[in-house]
Amino acid sequence: MKMSVQVKLPTALRPFADGQESVKVEGKTAGDALDALFAKNEGLKKQLLTPEGKLRNFVNVFINEDDIRDLKGLATPIKDGDTVLIVPAIAGGSTATETGLSKEELQRYHRHLIMPEVGMEGQKKLKNSSVLCVGAGGLGSPLALYLTAAGVGRLGIVDFDVVDHSNLQRQILHSTESVGKSKLVSAKERLNALNPNVEVIPHDVRLTSQNALALFKDYDVIADGTDNFPTRYLVNDACVLAGKPNAYGSIFRFEGQASVFSTQDGPCYRCLYPEPPPPGLVPSCAEGGVLGVLPGVIGTIQAIETIKLIAGIGKPLIGRLLLFDALAMEWRTLKIKKNPDCPVCGKNPTIKQLIDYEAFCGLKEKPVSTIPEISVEDLKAKLDKKEKFVLLDVREPHEYEIAKIPGSKLIPLGELDKRFGELDKGQKLIVHCKMGGRSARACQFLASKGYDATNVTGGIHAWSERIDPSVPQY
Ligand SMILES: [Zn+2]
């Protein structure tokens, strides 16, 4: 019985087959398939066969992923639906083929090569490309893993952190064994094991206004996997100034965003958000939590967008903001426009070099100094002496469930403006949260209502570290 297969032709051979990318033929063996191909395309026959009718030795033939020389040569049987790939190679048995991809790479990237949208051309673009991944955390994990698997040529990673137990719920680049190790060392080991063809370049630094432009200069695409506003604005501005596209993603709790910023004509992150929210308004993932799988979804989208940008295929998320709500399982795409008045990418930019991003995000402003503070040691002493005061916890109920200081009263910060009446004005209040940020705002609010409120520096985190290690950290 004759089998029907697709013969895929490399770009170089298409002119000899009326420009076709692939030709459908029938036969029982690889030899039959080629004979059928040549019967249909006389020009190809001349290119690929010697006058004696033998396959020229610069031609490699693969059935699916396998070189027919490792099978039964032209007598190798074919099955319905197989793909026969013709790969012109350098004569003399060199492992590097004319395509610039080794035999091992041709097998590794087979599923890319057989798609016309990627093909040999797209795979070579990937191999010749370089991507800088900012952060080796939740978003950086799927980003780095998929870009490495896909075969980008150089993958730079900027990170200065070490792997912590609390990272493993989502940062799948790292393993339990890597706890305590540098994230860069852990990432490089894992990525090299996945694909040794990719050059993984660790940048063991904190990204700053001083080093960002020099770092970005050597890469084609920047993938923003950061988790804080100062670095996010820094990455954006550096991308605009260096003229590099930014595959952006961000996550919080159950929601994610993705886009492609700072391309030639597209908007940048500042066009969308000219200014960061005031410090403390949007909690970080460390404070507010994040579903472990969520960065898997958003980081993977960043990897897809990066590959599309490099291969020049499809419709990248330029001028569009993708919103994902994991709880509702809803996707939404919003149109975003380049802002002609954008301070960095607009017509008359006011930001022409990188600035102080901590200051820009308000993180250098002194916390309201009128709020009295108390250390966890002093709090412990007061509790031991059974001094009279109300210990107010302004975290969320689910945090209270994980860890609490005995004797505390819970009113979440968001409910305080409705429930402060539950507190007795005559009593001294000592207020804590996880790290001290939310409780500072609670104290500020309570003071404005005439309460005597003192903030616990470092919150329950400091309590667990320095007073009672049996209180779990989260
Ligand atoms: Zn802009």
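Strands β10 and β11 (residues 255-261) pair in the antiparallel sense over seven bridges. Here, two strands count as paired if DSSP finds at least two bridges between them. Helices (H or I, at least four residues) and strands (E, at least two) are DSSP runs, numbered from the N terminus. The structure is a predicted model, in which local features need pLDDT of at least 70, side-chain atom pairs count only at pLDDT 80 or more, and totals for chains, interfaces and linings use all residues. Residues are numbered from 1 along each chain as its sequence is written.

Within the β10-β11 pair, S250 has Q257 of β11 as its bridge partner. The two strands form a hairpin with two residues between them, and R253 in the turn has a positive phi of about 55°. As a point of background, most residues other than glycine have a negative phi. Just after β11 comes another case: S262 lies in the loop between β11 and α10 (269-272), and the phi of S262, a residue other than glycine, is also positive, near 55°. S262 counts as buried, with 28 C-beta neighbours inside 10 Å. A residue is called buried if 20 or more other C-beta atoms lie within 10 Å of its own, exposed if 12 or fewer, and partly exposed in between, with C-beta atoms placed from the backbone.

Strand β10 (residues 246-252) is largely enclosed by the rest of the structure, because six of its seven residues are buried. Strand β9 (residues 221-224) also pairs with β10, in the parallel sense and over three bridges. In that pairing, I222 has N246 of β10 as its bridge partner. From β9 the chain crosses through helix α9 (residues 229-242) to β10, and this β-α-β crossover is right-handed; that is, with the strands pointing away from the viewer, the path from the first strand over the helix to the second runs clockwise.

Helix α9 includes L234. This residue is buried, with 25 other C-beta atoms within 10 Å. Leaving aside neighbours within four places in sequence, L234 is in contact with L207, S209, A212, L354 and Y357, where contact means that the C-beta atoms of two residues, placed from the backbone, lie within 7 Å. The C-alpha atoms of L234 and P77, by comparison, are separated by 57 Å, and the two residues are 157 residues apart along the chain.

Helix α6 (residues 140-150) is likewise largely enclosed by the rest of the structure, because nine of its eleven residues are buried. Among them are G140, P142, L145 and A150. The buried residues of α6 pack against α5, β6 (130-134), β7 (154-158), α7 (183-194), β9 and α12. The residue that follows α6 is G151, with a positive phi near 95°.

Two of those packing partners can also be described together. The axes of helix α5 (residues 119-127) and helix α12 (residues 294-311) come within 9 Å and cross at roughly 110°. Axes are lines fitted to C-alpha atoms, for helices over the stretch in contact, and angles run from 0 to 180 degrees between N-to-C directions. The crossing therefore makes α5 roughly perpendicular to α12, a label given to angles of 65 to 115 degrees, while those under 35 count as roughly parallel, those over 145 as roughly antiparallel and the rest as oblique. The contact is made by G122, K125 and L126 of α5 and by I307, I310 and A311 of α12.

A further sheet is open and mixed in its pairing, with five strands in the order β2-β1-β5-β3-β4. β2 (22-27) and β4 (66-67) stand at the edges with a single partner strand each, so one side of each is left without a neighbour in the sheet. Strand β1 (residues 3-8) and strand β5 (residues 83-88) pair in the parallel sense over three bridges, and K8 stands opposite L85 in β5. Helix α1 (residues 30-40) lies across β1, β2, β3 (59-63) and β5, running at about 125° to β2. In the loop between β1 and β2 is D18, which is exposed, with 11 other C-beta atoms within 10 Å.

Another open sheet has five strands in the order β14-β18-β17-β15-β16, with parallel pairing. Its edge strands, β14 (373-374) and β16 (409-410), each pair on one side only. Three bridges join the parallel strands β17 (residues 429-432) and β18 (residues 453-456), with V431 opposite N455 in β18.
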